[in-house]
Amino acid sequence: ARGVALGSGGGGWVRGGTLVPVRWSMELERALFRIHQRSIESEELGALRLRVGRVLPAAFVVLACCLVCAHGRYVGRSRCLPEALRRAGLWNSTSDTPTLPEESLGEASIGAVDKKLVEKWAENRPGGGEDAVAAILEGRPPDTSAAIPAPLPGATKGQEKTLASYTFVFDRELLGFQPHLLKSHSFKVHNVTLTEACLDGGTSGLDLGVGYAIAHLFEGFDGFVVNELACTFRSRGYLVRLAGADGSKGDLWAWGAEEAEGTGGFGLAELSRKLVLLAKSCVSFALLSATTGSFIRVAVNASAVLLFAMAAAFPQMATAQGGCVPSVRMLMRVFPWIGVHIGILRGAGRPLGPLLKARLAFLMVQTVMYLCCSLMWRVACWRLTPEGYTDQVFGLYSAVELFNMVFVRTPESAAVFPKLAGACLVYLHFYNLSSLFPCHWLVLTTCSVACLWAAIYCVNAFEALALSGDPFIPATPTVAHPRGVYAPQLSPAWTLEAAPLWTMFWPVDPPTAFPPDAMRHISDQEYLGA
């Protein structure tokens, strides 16, 4: 989160061993400041910021409580599968372990039974009271001599239904076998049903518990099934969701024995594991933040080339002739870090095509590299995650870095927002690494709300107030000095052109870190502008 906010430096350059007055004159920063200024001065957006800022703290607290509830109830727990395996005769009572052969397949389904149907069946039967009804709904054998029919008498479509179906194997090769091959080679298929009420721990229908409703809303049934299987068998496994009634396969999850074993408690080994995971989380955050920050900076800097390409390709659509596309001359004034190069080429009578093609090619290469990084991160670190989860995490990083680049301008925001957003993103990595299959979407939503809360707080508390401050103070962002934090301008070329990418890693300082003589030019620029 630090990358773009702290890397947009600005001010003075070193010559002959002396520090020339610190200056903020990069035109890219001026263009971004105009977006920042218009957004904050908008009355509609200001009223919306205040309303959202009041709601977000409560939303974050509610989501955090939901995360604690859902994680403690379902992650790393096997509450229903052992009992279902006992009913199917796949449990060794002596060793208290499952006995599913490795050369067989397990078909697991999650079903729901209407509570009124069970109550009607249990009427006038020995032991058919409330305890027996609850046991049947949860998939446990009731303490009654009456047999449990399957399906229950009088069941209609919708009263007994399959909510999700999965196939589980120990060897991945078995997933590629067609049903007739499995039958011809005498592979056994064991069917096991987990009831919705058992996962809920209570009843079904409208009486579903809050913990189950929260987990199912964000995670679906996949998280339940993966945790039940991994914590029951404690071995490698491959799980595929059946996507349709025709048996077509959907998403696939795979894990190793060491991932399923897991650890717990508060011993020295567990503390060491947590510290290693925390270090990995910090490294992952630093790399992803730097990668995303670099791409966002390149994209913002180079995306203006698209407008130049459109203006050059369709000159008849220029606004000077009543069209909707700005003219090249107008774009040169708006985007001078590109316009300076175009002005040189046009002055020499050279075509603009090679310059525009080179910049577009550079933008395309950077985009492909960023997408490859996302794919690599999914394969290396987030193998066992829901479909599309990695893309959403990268989207959160992009939003944080873009906010840094556009809106983090005062010394207070530069000191507060990167730390808060960085803590949320480190926790996101740490949580995902700590468990085999945690509540992915719920923790991502919680961290996203926390980052949004921190962003709106910084805008309301620091940025909005700074715009109404004294413009002659260097810490106040203005058009003359678009940020209130500074870094040495090491090259006079940065006056018009964008600074190199490596400057995003240069730490910036508040105005008080520089001598008064170095900052005097900032006030002079403001006086000249006034």
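Select helix H13 (residues 304-313) together with helix H15 (residues 336-347): in this predicted model, the two helices pack at an angle of about 40 degrees, with their axes 10 Å apart. Because angles under 35 degrees count as roughly parallel, this pairing falls outside that class, and H13 is oblique to H15. The crossing in which H13 passes H15 is right-handed. If you show side chains here, you will find Ala-304, Val-305 and Phe-308 of H13 meeting Ile-338, Gly-339 and Ile-342 of H15, a contact that divides by class into five nonpolar residues, one polar residue and no charged residue.

Next, select H12 with helix H16 (residues 353-380), whose axes come within 10 Å and cross at roughly 160 degrees. An angle over 145 degrees counts as roughly antiparallel, and H12 and H16 are therefore roughly antiparallel to each other. Their crossing is left-handed. On the H12 side the contact is made by Ser-284, Leu-287, Leu-288, Thr-291, Thr-292, Phe-295, Val-298, Ala-299 and Ala-302, which meet Phe-362, Leu-363, Gln-366, Thr-367, Tyr-370, Cys-373 and Trp-377 in H16. Colouring these residues by class gives 11 nonpolar, five polar and no charged.

Keep helix H12 (residues 268-302) selected and add helix H18 (residues 411-434), since the next stop is where their axes come within 8 Å and cross at roughly 130 degrees. That angle makes H12 oblique to H18, and the crossing is right-handed. From H12 the contact draws on residues including Arg-273, Lys-274, Leu-277, Lys-280 and Phe-285, while H18 contributes, among them, Gly-422, Leu-425, His-429, Phe-430 and Leu-433. By class, this contact of H12 with H18 has nine nonpolar, five polar and three charged residues.

For the last stop, display the largest pocket, in which about 1,300 Å³ of space lies. Which residues lie nearest its centre? To find the place, select Asn-432, Leu-433, Ser-434, Ser-435 and Leu-436, which lie nearest the centre among the 47 residues that line the pocket. Helix H3 (43-74), helix H10 (222-233), helix H11 (257-261), H12, H18 and helix H19 (440-467) can then be selected in turn, as each supplies at least two residues of the lining. H18 is a useful one to leave on display, for the largest share of the lining, eight residues, comes from H18. Taken by class, the lining of the largest pocket has 24 nonpolar, 13 polar and 10 charged residues.

Technical notes
Residues are numbered from 1 along each chain as its sequence is written. This is a predicted model: local features need pLDDT of at least 70, side-chain atom pairs count only at pLDDT 80 or more; totals for chains, interfaces and linings use all residues. Side-chain values use heavy atoms; hydrogens and water are left out. Axes are lines fitted to C-alpha atoms, for helices over the stretch in contact, and angles run from 0 to 180 degrees between N-to-C directions. Helices (H or I, at least four residues) and strands (E, at least two) are DSSP runs, numbered from the N terminus. Angles under 35 degrees count as roughly parallel, over 145 as roughly antiparallel, 65 to 115 as roughly perpendicular and the rest as oblique. A crossing is left-handed if the near helix is turned anticlockwise from the far one by less than a right angle, and right-handed if clockwise. Contact means heavy atoms within 4.5 Å. Ala, Val, Leu, Ile, Met, Phe, Trp, Tyr, Cys and Pro count as nonpolar, Asp, Glu, Lys and Arg as charged, and the others, Gly among them, as polar. On a 1 Å grid over the protein atoms alone, a cavity is a set of points where a 1.4 Å probe fits but cannot get out, and a pocket is an open set with protein on both sides within 12 Å along at least five of seven lines; lining residues have an atom within 4 Å of a point. Grid points are joined across faces, edges and corners, and a volume is the space filled by probe spheres set on the points.
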